[in-house]
Amino acid sequence: MATTTTPTSRFLSVTAAASPSRRRLPLLSPSLRLPLRQFRRISVSAHAAPLGAKPTVLVAEKLGEAGLELLKGFANVDCSYNLTQEELCTKISLCDALIVRSGTKVSREVFESSAGRLRVVGRAGVGIDNVDLAAATEHGCIVVNAPTANTVAAAEHGIALLAAMARNIAQADASLKVGKWLRSKYVGVSLVGKTLAVLGFGKVGSEVARRAKGLGMHVIAHDPYAAADRARAIGVDLVTFDEALSTADFISLHMPLTASTAKILNDETFAKMKKGVRIVNVARGGVIDEEALVRALDSGIVAQAALDVFTEEPPPADSKLVLHENVTVTPHLGASTAEAQEGVAVEIAEAVVGALKGELAATAVNAPMVPAEVLSELAPFVILAEKLGRLVVQLVAGGSGVKSVKVTYASARAPDDLDTRLLRAMITKGLIEPISSAFVNLVNADFIAKQRGVRITEERILLDGSPESPLEYIQVQIANVESKFASAISETGEISVEGRIKDGIPHLTKVGSFQVDVSMEGSLILCRQVDQPGMIGTVGSILGEQNINVSFMSVGRIAPRKQAVMAIGVDEEPCKESLKKIGEIPAIDEFVFLKL
Ligand SMILES: NC(=O)c1ccc[n+]([C@@H]2O[C@H](COP(=O)([O-])OP(=O)(O)OC[C@H]3O[C@@H](n4cnc5c(N)ncnc54)[C@H](O)[C@@H]3O)[C@@H](O)[C@H]2O)c1
Ligand SMILES: O=C(O)[C@H](O)COP(=O)(O)O
């Protein structure tokens, strides 16, 4: 048996948006969602929907009919467009989900105003830069997007702008419509044989690259996280940022707007470009320093630009950039095809409905994406994890304060083969919910643990044998606390509980140093006693007097006639009097009642 210890700072960020690691995870289709009802919110909202009532979904921007129909089959749908921030904040407290496109700022204020009711934000599109992800995560609100349905539309728009810019289509069209016939003014440039640098080789970027290859362009790409073989497969060379800038005749932007891509094209980077370069932007306006672009256009470094997106949308009427004669503009139309909008609407409606049902959406951007097969395998352990967390925290003596929790996973699987994020989140939920008004889910578990100063470390025990089951047992220990049930303290001084899955059901198999075996259902009475005949009967008859159904009993003893721990499963909570009577049985040294 070998022991591997993971690093102690396990407060992994669950904010996966736009991070390289998120990209490397397999893209899951919307159908790959599994029920994880354990994550269903225990609402603390002042405005919670009445139990059993349909949830309310606020659709704040126009959404395709097919998506609306899908939503209406499950929820009350309120389509209210063009809300001011104030109106949105007022409405949101009565909504369980919100669906937006890029035109609505889902700010911290929106989450705060929801008073805990908002459970899901659906972004009907890709870019989530208009949603305050940190605030969503802190409020345990899952953010889902529709990452695939508008890819082709955006790529086609990029290519349309590229060609329109190169051949002055927009300018020539406008001049002809005012009666001019300017054939020599609008001589364009050819695309064939020119070098196009695609910055951001993700979904849209690679589709643009594929299409540009078809136009006879030489395509290079820069993307710090893209795989070279994926680029090579479509005949694209991955190059450094500086190489892309200095060799390109055309540059097309396709990265998300993040802190590191904001104003990535600026005075300094324009200065590195070939004189006469042409720029297309269908990503986000904020990736370009727009004032610097105007300067680069005026100086001739940039011959032309074609822009679908702007730092401020809509841009000011007197925007020098928009009015520049060498600039072609569209009002954020990249995703606006009939086909893409229907696809996006369905994609987001499915994700939002799934998330409202408590399922884990494959397109969640602020929760770990866990492949479906992993989810289904871990399902019983997810329940076990929460119950162990819930049980162990009830063993802590009042006033002790839980600061340091160690979770040990014993498995024959190699550490890389066991994704413990779900389990850690559920243990956190079990630990924190009984002692606070917070609700914890996969989205906010790490945040809440950190906020409450609970440090959760994880350790792996690598077992020999066949790794058919993902886990053999889970042990949860709380250090530096006193216990209201002293027998729960292990030889090493922590409160310790251990559980396994037997026939698909979570079982408590160890408390402190005592082996027990009770299924973790209903509630539990733990008694430490002197091992002697008649104890089970004595306790059973006290409970029987109060008509409490005993579901199981198990005795774990150190040695015959020595100390033993008896675990009694009960379907109902015994009254104080019955518990007192149990405590008064002479052979019982201590006992505790625990709700699972
Ligand atoms: N105009 C529109 O209507 C429209 C439509 C769809 C998408 N978009 C925007 O297009 C962009 C790309 O969308 P996508 O679906 O292809 O996303 P994606 O996540 O598939 O691809 C983004 C790529 O950018 C890369 N990247 C991140 N930082 C980078 C950096 N510093 N330099 C170079 N590359 C970097 C990532 O590794 C990733 O491969 C997003 O900003 C999205 O919001 C706009
Ligand atoms: O990020 C996106 O998906 C696009 O920018 C589309 O935005 P829209 O939904 O506002 O058209």
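How many residues of the shell around ligand 2 are nonpolar, how many polar and how many charged? Keep that in mind as you start. This is a predicted model.

**Stop 1: ligand 2**

Select ligand 2 and show the residues around it. They are Arg101, Ser102, Gly103, Ala124, Gly125, Val126, Gly127, Asn150, His332, Gly334, Ala335 and Ser336. Now for the opening count. The shell has 3 nonpolar, 8 polar and 1 charged residue.

**Stop 2: ligand 1**

Move to ligand 1. Its surroundings hold 33 residues. The nearest of them are Gly127, Ala154, Gly200, Gly202 and Gly334. Color this shell by class: 16 residues are nonpolar, 12 are polar and 5 are charged. Which helix gives the largest share of the shell? Helix H8 does, with 3 residues. Helices H6 and H8 each supply at least two residues here.

**Stop 3: helices H6 and H8**

Stay with those two helices. Select residues 151–166 for H6, and 203–214 for H8. Their axes come within 8 Å and cross at roughly 50°. H6 and H8 are therefore oblique to each other. The crossing is right-handed.

Now show the side chains where they touch. From H6, pick Thr151, Val152, Ala154, Ala155, Gly158 and Ile159. From H8, pick Lys203, Val204, Glu207, Val208, Arg211 and Ala212. This contact has 7 nonpolar, 2 polar and 3 charged residues.

Follow the chain past H6 into the loop that leads to helix H7 (169–177). Asn168 sits in that loop. Most residues other than glycine have a negative phi. Asn168 is not a glycine, yet its phi is positive, about 55°.

**Stop 4: the sheet of 7 strands**

Display the strands next. Seek out the open sheet with the order S9-S8-S7-S10-S11-S12-S13. Its 7 strands pair in parallel. Which strands lie at the edges? They are S9 (237–238) and S13 (327–329), and each pairs on one side only.

Zoom in on the S13 edge. S12 (residues 302–307) pairs with S13 in the parallel sense, over 3 bridges. Pick Leu307 and look across to S13: its bridge partner is Val329.

Bring H8 back into view. It packs on this sheet and touches S7 (195–199), S8 (218–222) and S10 (250–253). The direction of H8 makes about 165° with that of S8.

Then trace the loop between S12 and helix H13 (320–323), where you will find Pro314. Most peptide bonds are trans. The bond from Glu313 to Pro314 is cis, with omega near -10°.

**Stop 5: the sheet of 5 strands**

Select the other open sheet on this tour. Its order is S3-S2-S4-S5-S6, and the pairing is parallel. S3 (76–79) and S6 (142–145) stand at the edges. Each has a single partner strand, so one side of each is left without a neighbour in the sheet. From one strand to the next, the twist averages 20°.

Look at the S3 edge. S2 (residues 56–59) and S3 pair in the parallel sense over 4 bridges. Thr56 stands opposite Asn76 in S3.

Add helix H14, residues 338–356. H14 packs on the sheet, touching S2, S4 (97–100), S5 (120–123) and S6. Its direction makes about 170° with that of S5.

**Stop 6: helices H15 and H16**

Select H15 (residues 372–394) and H16 (residues 421–432). The axes come within 7 Å and cross at roughly 30°. That makes H15 roughly parallel to H16. H15 passes H16 in a right-handed crossing.

Which residues of H15 meet H16? Among them are Leu378, Phe381, Val382 and Ala385. On the H16 side, the contact includes Leu422, Leu423, Met426 and Ile427. By class, the residues of this contact divide into 11 nonpolar, 3 polar and 4 charged.

**Stop 7: helices H18 and H19**

Finish with H18 (residues 535–545) and H19 (residues 576–584). How do they run, roughly parallel or roughly antiparallel? Their axes come within 9 Å and cross at roughly 165°. That makes H18 roughly antiparallel to H19. This crossing is right-handed.

Show Val539, Ile542 and Leu543 in H18, which meet Ser578, Lys581 and Ile582 in H19. The contact has 4 nonpolar, 1 polar and 1 charged residue.

Notes
Residues are numbered from 1 along each chain as its sequence is written. Chains are lettered from A and ligands numbered from 1 in the order in which they are written. This is a predicted model: local features need pLDDT of at least 70, side-chain atom pairs count only at pLDDT 80 or more; totals for chains, interfaces and linings use all residues. Axes are lines fitted to C-alpha atoms, for helices over the stretch in contact, and angles run from 0 to 180 degrees between N-to-C directions. Angles under 35 degrees count as roughly parallel, over 145 as roughly antiparallel, 65 to 115 as roughly perpendicular and the rest as oblique. A crossing is left-handed if the near helix is turned anticlockwise from the far one by less than a right angle, and right-handed if clockwise. Two residues are in contact if their C-beta atoms, placed from the backbone, lie within 7 Å. Ala, Val, Leu, Ile, Met, Phe, Trp, Tyr, Cys and Pro count as nonpolar, Asp, Glu, Lys and Arg as charged, and the others, Gly among them, as polar. A residue is near a molecule or strand if its C-beta atom, placed from the backbone, lies within 6 Å of it. Two strands pair if DSSP finds at least two bridges between them.
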